[in-house]
Amino acid sequence: AVFGQDVSVVFMDDGVYQIKKGQNTEAIGMKNFSLAYRVLEMYDVDKLYVERESLEARGLSEDELIVPVEVLSNCQIGRLMAEQDVVLNF
């Protein structure tokens, strides 16, 4: 987004855990990226989406996430991705 691109970020499957409040990754030796997601808005990345089915399958709700997101169904996520020029999968 810093380079004038319109960026959307979608969290789905186990990726929803990346934005769950109260993470402690020390025990598994992984870096906690939650602070990085909180500053995305500073870089004009403000289109954050979460797949509803991924949240439900993991017993999570929108209230448990550290950043504001728009919750979309699997079909809506598919349409969103089809509209994108480039899709990067992490």
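Me: Under 20% relative accessible area means buried, over 50% means exposed, and partly exposed is what lies in between. So why does Arg58 count as partly exposed?

Reply: This is a predicted model, and in it Arg58 has a relative accessibility of 23%. That isn't under 20% and isn't over 50%, so Arg58 lands in between and is partly exposed.

Me: What makes Asp6 exposed?

Reply: Its relative accessible area is 60%. Exposed starts over 50%, so Asp6 qualifies.

Me: And why is Lys47 called partly exposed?

Reply: Lys47 comes in at 28%. That value sits between the 20% and 50% cut-offs, so the label is partly exposed.

Me: How do you know that Asp6 forms a salt bridge with Lys47?

Reply: The closest N and O atoms of Asp6 and Lys47 are 2.8 Å apart. The rule asks for a Lys or Arg side-chain nitrogen within 4 Å of an Asp or Glu carboxyl oxygen, so the pair passes. Asp6 lies in the segment before β1 while Lys47 is in strand β2, so the bridge ties together parts 41 residues apart in sequence.

Me: What makes Asp14 and Arg58 a salt bridge?

Reply: Here the N to O distance is 2.8 Å. With the limit at 4 Å, this pair counts too. Asp14 is in the loop between β1 and α1, and Arg58 in the loop between α2 and β3, 44 residues apart. By this rule the count comes to two salt bridges.

Me: Why are Phe11 and Tyr37 called an edge-to-face aromatic pair?

Reply: Their rings are 5.4 Å centre to centre, with 85° between the planes. Ring centres within 6.5 Å make a pair, and planes over 60 degrees apart make it edge-to-face, so both conditions are met. Phe11 belongs to strand β1 and Tyr37 to helix α1, 26 residues apart. Both Phe11 and Tyr37 are buried.

Me: How do you know that β1 pairs with β2?

Reply: Four bridges join β1 to β2 (residues 47-51). At least two are needed, so these strands pair. They run parallel, and Phe11 stands opposite Val50 in β2.

Me: What makes β1 and β3 edge strands?

Reply: The three strands form an open sheet in the order β1-β2-β3, with parallel pairing. β1 (8-11) and β3 (70-72) each pair on one side only. On average, neighbouring strands are turned by 30° against each other, direction ignored. Helix α3 (residues 74-83) packs on this sheet and touches β1, β2 and β3. Its direction makes about 140° with that of β2.

Methods
Residues are numbered from 1 along each chain as its sequence is written. This is a predicted model: local features need pLDDT of at least 70, side-chain atom pairs count only at pLDDT 80 or more; totals for chains, interfaces and linings use all residues. Side-chain values use heavy atoms; hydrogens and water are left out. Axes are lines fitted to C-alpha atoms, for helices over the stretch in contact, and angles run from 0 to 180 degrees between N-to-C directions. Contact means heavy atoms within 4.5 Å. Buried means under 20% relative accessible area, exposed over 50%, partly exposed in between (1.4 Å probe, protein chains only). Rings of Phe, Tyr and Trp (its six-membered ring) pair if their centres lie within 6.5 Å; planes under 30 degrees apart count as stacked, over 60 as edge-to-face and the rest as tilted.
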